[in-house]
Amino acid sequence: MAALPGYLEWVPFAAGMWLLLRAVLALADKTARFWPPERRTGRAYGQFIWPFRVLFWGLLGLSALSVSRAEPDVATAGFWIGAILFVAGFGTAVLATLQLGWTTAFGENGPLRRDGWFRFSRNPIYVATWSGQIGWALVFPAPPILAALAVWAGFYVVAIFLEERDLLRSHRAEFETYKARTARFLGISHLIEQTEC
């Protein structure tokens, strides 16, 4: 990394670890409301959004510094596979987020989405983001970047279970029906079964 004290390179990782640990603690406490927060204001939301911003924008900054220090080797297949996964993954995640609704994706209660990307997966934003993170790791394989991406991915795994608990509270039978018909990650076979009926 270029011109950055070594310990600062690990700030995005530290922010991601805080999110992951906080999510794991919330998962253990069935009354906790860390993710999703009840509303987009207040302390609970701030405890999520500020570390998430440090994680995300810090990763972008580290990646930019990585490029300025040493040009990525664009002649390798790994770079191009990574670039494709990065663009496709994060592009799909943004489209699915827009379909869900930006405020709903960041914690506000909203309608249960079962169409579009949400026909194939109960968690298309997370699945697409994981693909983008794999691409990011292939393009920028520096240890602080890899570590921050790993804890971000881990946070998203735990967030799924926190969201499902919240959706059961807010949408009850509607979510149970959707859950029975749609795979947690990718459910093309679920979709085929539905069209055959």
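## A salt bridge from α6 to the next loop

Glu-164 and Arg-184 pair up in a salt bridge, with their closest N and O atoms 2.8 Å apart. The two partners come from distant parts of the chain, 20 residues apart: Glu-164 sits in helix α6, and Arg-184 is in the loop between α6 and α7 (188–196). Keep in mind that this is a predicted model.

How buried or exposed are the two ends? Glu-164 is buried, at a relative accessible area of 7%, while Arg-184 is partly exposed at 24%. The line between those two classes is drawn at 20% relative accessible area, so Arg-184 at 24% falls on the partly exposed side.

## The other salt bridges

How many salt bridges are there? The count comes to four. Another one joins Arg-114 to Glu-174, where the closest N and O atoms are 3.4 Å apart. Arg-114 belongs to the loop between α4 and α5 and Glu-174 to helix α6, so this pair ties together parts of the chain that are 60 residues apart in sequence. Both ends are partly exposed: Arg-114 has 44% relative accessibility, and Glu-174 has 32%.

Then there's a pair inside α6 itself. Arg-169 bridges to Asp-166, with 3.7 Å between the closest N and O atoms. These two are three residues apart in the helix, which means about one helical turn separates them. Here Asp-166 is buried, at 10% relative accessibility, and Arg-169 is partly exposed, at 35%. Going back to the opening pair, Glu-164 and Arg-184 also belong to a network with Arg-122, joined by salt bridges that share partners.

## The largest pocket

Next, the empty space. The largest pocket holds about 970 Å³, and 46 residues line it. Which residues lie nearest its centre? They are Trp-35, Thr-97, Ala-105, Phe-106 and Ile-125. Two or more lining residues come from each of α2 (43–69), α3 (77–100), α4 (102–105), α5 (124–139) and α6.

Helix α6 gives the most to this lining, with 10 residues. Sorted by class, the lining has 28 nonpolar residues, eight polar ones and 10 charged ones.

## Helix α3

One of the helices that help line the pocket is α3. With 24 residues, α3 runs 34 Å from its first C-alpha to its last, close to the 34 Å expected at 1.5 Å a residue. Right after the helix comes Gly-101, which has a positive phi, near 110°.

Which residues of α3 are buried? The list is Phe-79, Gly-82, Gly-89, Phe-90, Ala-93, Ala-96, Thr-97 and Leu-100. As a group, the buried residues of α3 pack against α4, α5 and α6. Thr-97 turns up twice in this report: it is buried in α3, and it is among the residues nearest the centre of the largest pocket.

## Ala-153 in α6

Back in α6, which spans residues 143–181, have a look at Ala-153. Leaving aside residues up to four places away in sequence, what does Ala-153 touch? Its contacts are Trp-130 and Gln-133.

Ala-153 also has a C-alpha atom 9.1 Å from that of Leu-20, although the two residues are 133 apart along the chain.

Definitions and conventions:
Residues are numbered from 1 along each chain as its sequence is written. This is a predicted model: local features need pLDDT of at least 70, side-chain atom pairs count only at pLDDT 80 or more; totals for chains, interfaces and linings use all residues. Side-chain values use heavy atoms; hydrogens and water are left out. Helices (H or I, at least four residues) and strands (E, at least two) are DSSP runs, numbered from the N terminus. Contact means heavy atoms within 4.5 Å. On a 1 Å grid over the protein atoms alone, a cavity is a set of points where a 1.4 Å probe fits but cannot get out, and a pocket is an open set with protein on both sides within 12 Å along at least five of seven lines; lining residues have an atom within 4 Å of a point. Grid points are joined across faces, edges and corners, and a volume is the space filled by probe spheres set on the points. Ala, Val, Leu, Ile, Met, Phe, Trp, Tyr, Cys and Pro count as nonpolar, Asp, Glu, Lys and Arg as charged, and the others, Gly among them, as polar. The expected span of a helix is 1.5 Å times one less than its number of residues. Buried means under 20% relative accessible area, exposed over 50%, partly exposed in between (1.4 Å probe, protein chains only). A salt bridge is a side-chain nitrogen of Lys or Arg within 4 Å of a carboxyl oxygen of Asp or Glu.
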